Amino acid sequence: MRLPLYADDEIGDTLVDLLTILLLVFLLVIVRFTFSALTVDFSSKENTFVGGMTMPGFLISPIRFSDKNIVYIYKHGEADTSSDASLFGLTAEDFAGLIGFIDYGSIILENKRYPVFNIKMSEDDQNIINPVIINEEGDNGKIDKKILTDILKEVWPDYNIDQLPENLRGSFKIDKRPKIYYESLENNGHKMIVIGSIMIDVTKGISAYYKFIFDTLATEMMDFVYLGSFNFEERLRFLKKYGTDNALTYYNNWLENPADMLPPLAKHNRARIEYIKARVLKNEKPPVWVKGLFLDRIGAKLKIIGSRNGDIEAEVSGK
């Protein structure tokens, strides 16, 4: 039966077509608005580890040997060191390079501000480690807190290890989420993840040895942020521009003998901070293999960074 509103079928069909076009335009506006909203958000929940609201951090023992200093990081939840699987060891220099690419973030608890990323010294009465350790060469080493305090003084000068709360009682506000900044590197068929001065080969998947350290960080309060492809020359450019007067001399000496010196971007704070900021601003998308070989293996999802008024916001702790 013909509706009295229309003079004939042709006019009715035309009105239906117009209404359909208007509906499609309306839907396109909604979709565009939705994607625009996504681009102005600084982050989304698709960026975090899977886990509880536990403060991320390291429980460590800095050990001084006659020839080098080692920072041992304990596996999360371990009560002793009865096996090698409970420890992850880095030279003091590599540890400094690692935390240099960690933004420790901040929380507000009872009107006081604390870092989210929590570095704690092991205590002797926890039976976690013997004060005397023997390394693979049979040399004795001893716990020395000064190793840690010297590193923090250089890399995170505003970080107060003695100020951290033992636990989070009551409600707290996350003022700034902690972040780990990482880069990718492909070389001679090998695919690697770079964090600070540490290069992790993930070509055949992440090894249990390196996965250990990410298991320790597995918390929903930590974000992984991609900085782009690793490039020595790019780092050197920022060292030249923002480093101190002796930055290049330090860099050349480090190339000759890196074992006994902090990585240049760990030693020169402003150069590192500006480097990270600039790389974040580029907002580069990681290669496809990064997700499959690295992020998926450690239980992290891709970090999404957006912009406000065209400028990506980036803050880095440790100024």
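This report looks at helices α2, α3 and α8 in a predicted model.

## Helix α2 and its surroundings

Let's start with α2, which spans residues 92-100. Of its 9 residues, 8 are buried, so the helix is largely enclosed by the rest of the structure. Those buried positions are A92, E93, F95, A96, G97, L98, I99 and G100.

## How α2 meets α3

The partner here is α3, covering residues 145-155. The two axes come within 10 Å and cross at roughly 40°. With angles under 35 degrees counted as roughly parallel and 65 to 115 as roughly perpendicular, α2 and α3 are therefore oblique to each other. The crossing of α2 past α3 is right-handed.

On the α2 side, A92, F95, A96, I99 and G100 make the contact, and they meet I147, L148, I151, L152 and V155 of α3. Sorted by class, this contact has 9 nonpolar residues, 1 polar residue and no charged ones.

## Helix α8

Now over to α8, a helix of 14 residues running from 269 to 282. From first C-alpha to last, α8 reaches 20 Å, close to the 20 Å expected at 1.5 Å a residue. Just after this helix, N283 takes a positive phi of about 55°.

Which residues of α8 are buried? They are N269, A271, R272, I273, Y275, I276, R279 and V280. Their cover includes both helices met above, α2 and α3, along with α5 (232-242) and α7 (264-267). Strands β11 (179-187) and β14 (223-229) are also among the elements covering the buried residues of α8.

Key. Residues numbered from 1 in each chain as written. Predicted model: local features only at pLDDT ≥ 70, side-chain atom pairs only at ≥ 80, totals over all residues. Heavy atoms only, no water. Helix = DSSP H or I, 4+ residues; strand = E, 2+ residues; numbered from the N terminus. Expected span 1.5 Å × (residues − 1). Buried < 20%, exposed > 50% of the residue type's maximum accessible area, 1.4 Å probe, protein only. Contact = heavy atoms within 4.5 Å. Axes fitted to C-alpha atoms, helices over the stretch in contact; angles between N-to-C directions. Parallel < 35°, antiparallel > 145°, perpendicular 65-115°, else oblique. Left-handed = near helix turned anticlockwise from the far one by under 90°. Nonpolar A, V, L, I, M, F, W, Y, C, P; charged D, E, K, R; others polar.
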